[in-house]
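Me: I keep running into labels in structure descriptions and I'd like to know what earns them. Can we go through a few for this one?

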Amino acid sequence: MGTFIAVDIGGTQMRAASYAPDRLEPIKQKKIATLASEPGGFDRLIQVIEEVWPKDQPVEAIGLGSPGPLDPHTGYLLAPPNNPEWHNFPLAPNVEKHFGVKAYLDNDANLAGLAEYRFGAGKGHHDVLYITVSTGIGGGVIIADRLLQGYHGLAAELGHSIIDPNGPPCSCGHAGHLESYSSGPAIVKYVLGELEAGTKSSLKRGEALNPRDISEAAKSGDALAIKAYQRAGEYLGIGIASFLHAFDPSIIIFGGGVSQVGDLLFEPFQASLRKRVFHPRYLEGLSFTTATLGDDAGLLGALALARMMSSQNG
Ligand SMILES: [Zn+2]
C-alpha cells in the first residue's frame, strides 16, 4: 500500500502532508496562503500537494478537508465562504483528474470529528459527537464506527439546529440557530446589547470585544461577563440535549476556541443538559472531553477519510 496525502483547506492557510500507510507523523508537510478571495486557488492547491508528493512511492489516495457546504459524495464544493471562484466547484474530481489518484472531500468539522474518533480524544468509542464552538458551531457525528454524512452529504450541521424560530439571526441568515446563541460572536453580541441597554460591567461599550476579553472579565468576577457565558452554556445544553436524543453518543468532544474557557461554559452547560434530557439513561457513562489534536485535526481527518474511503472502495 502506498502513501496517503491529506490536505486541509482553511480560511487563511492550505496545508498538505504525506503519510505512510500506518503512521500519523507526516513524511513531508507544507503550507501555503489560501488567499480565498483571489483567483488561482486551484493552482495553489495543486502546488502545495505537489510539494509533499513522494518521489519514490505510489500515492494511494488524497483526502481533502474544506469549510462547507459541500457534497462529499460528488466531491463538489457548493458555496465555500469568501470564495466565489469555488462555488459549485468540482474540487475532488479536478484533483483526481490532475494527479490520476482517487481524491475524497468532506467538511472541516466532520473531518475534525473523524480525526478525534480515530486518533484523538474519541479513540475506543464507537458513537462520538464532536462539536466545535468557535466563530461558528460545527459538528461531526460518528455512529457505530461510521462517519455520518447523510443523503446529500450535508450532515451534521449541529450549529444550525433551530433553538427558537424567533431567535436572533444566525450567520447563515436564518433565525435562532444554536450558533446564534453559543458561538463566540453570539457571546460578544449579547454583551454589547446589554452594555447598550445600560447594564453595569467592567467591559466597555465601543471596544472591539472578543470572547477572550469576556472570559477574562468573567474570571475577575464581572457579573455581565459571567452571565454571557452562562447563557451560552445554557443554550449549548438545550442544543446538545436534542443531539443526545438523536444520536445517543458515548462521548461528547468539544473543539474550538470558545470551548477552551472551561467551567465558565461547561458548568452551566452541564446543568442545562441534565435538566433537559428526557431520560437520565442518556447521561450514564457519557464522557465529556475537549479535543486533543488541536490544529492537526483537519489534516489528520483528511488522512482518516482517505484511508477509510480507500479501504471501503478497495
Ligand atoms: Zn444558522
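Reply: Sure! Let's start with a cut-off: a residue is called buried if its relative accessible area is under 20%. Keep in mind that this is a predicted model.

Me: Why is His177 called buried?

Reply: His177 has a relative accessible area of 6%, and the limit is under 20%, so His177 counts as buried. Cys170, at 7%, is buried by that rule too.

Me: What makes His177 a donor to the zinc ion?

Reply: Donors are N, O and S atoms within 2.8 Å of this metal. The zinc ion is coordinated by His160 (ND1), Cys170 (SG), Cys172 (SG) and His177 (ND1) at 2.0 to 2.3 Å, so these atoms qualify. Along the chain, the donors follow the spacing H-x9-C-x1-C-x4-H.

Me: How do you know that the zinc site is tetrahedral?

Reply: Four donors get that name if all angles lie between 85 and 135 degrees. Here the angles among the 4 donor atoms are 98 to 118 degrees, so the site is tetrahedral.

Me: Okay, over to Ser201. Why does Ser201 count as buried?

Reply: Ser201 sits in the loop between helix H5 (184-196) and helix H6 (211-219). Its relative accessibility is 18%, and the cut-off is under 20%, so Ser201 counts as buried.

Me: And what makes the link between the side chains of Ser201 and Asp222 a polar contact?

Reply: One requirement is a pair of N or O atoms within 3.5 Å. The side chains of Ser201 and Asp222 are joined at 3.1 Å, so the distance fits that limit. Ser201 also touches Leu195 and Leu224.

Technical notes: Residues numbered from 1 in each chain as written. Predicted model: local features only at pLDDT ≥ 70, side-chain atom pairs only at ≥ 80, totals over all residues. Heavy atoms only, no water. Donors = N, O, S within 2.8 Å, 3.2 Å for Na, K, Ca; no water. Tetrahedral: all angles 85-135°; square planar, octahedral: opposite > 155°, others 65-115°. Buried < 20%, exposed > 50% of the residue type's maximum accessible area, 1.4 Å probe, protein only. Helix = DSSP H or I, 4+ residues; strand = E, 2+ residues; numbered from the N terminus. Polar contact = N/O pair within 3.5 Å; in protein donor to acceptor, adjacent residues only side chain to side chain. Contact = heavy atoms within 4.5 Å. Lists of a residue's contacts leave out its neighbours within four places in sequence.
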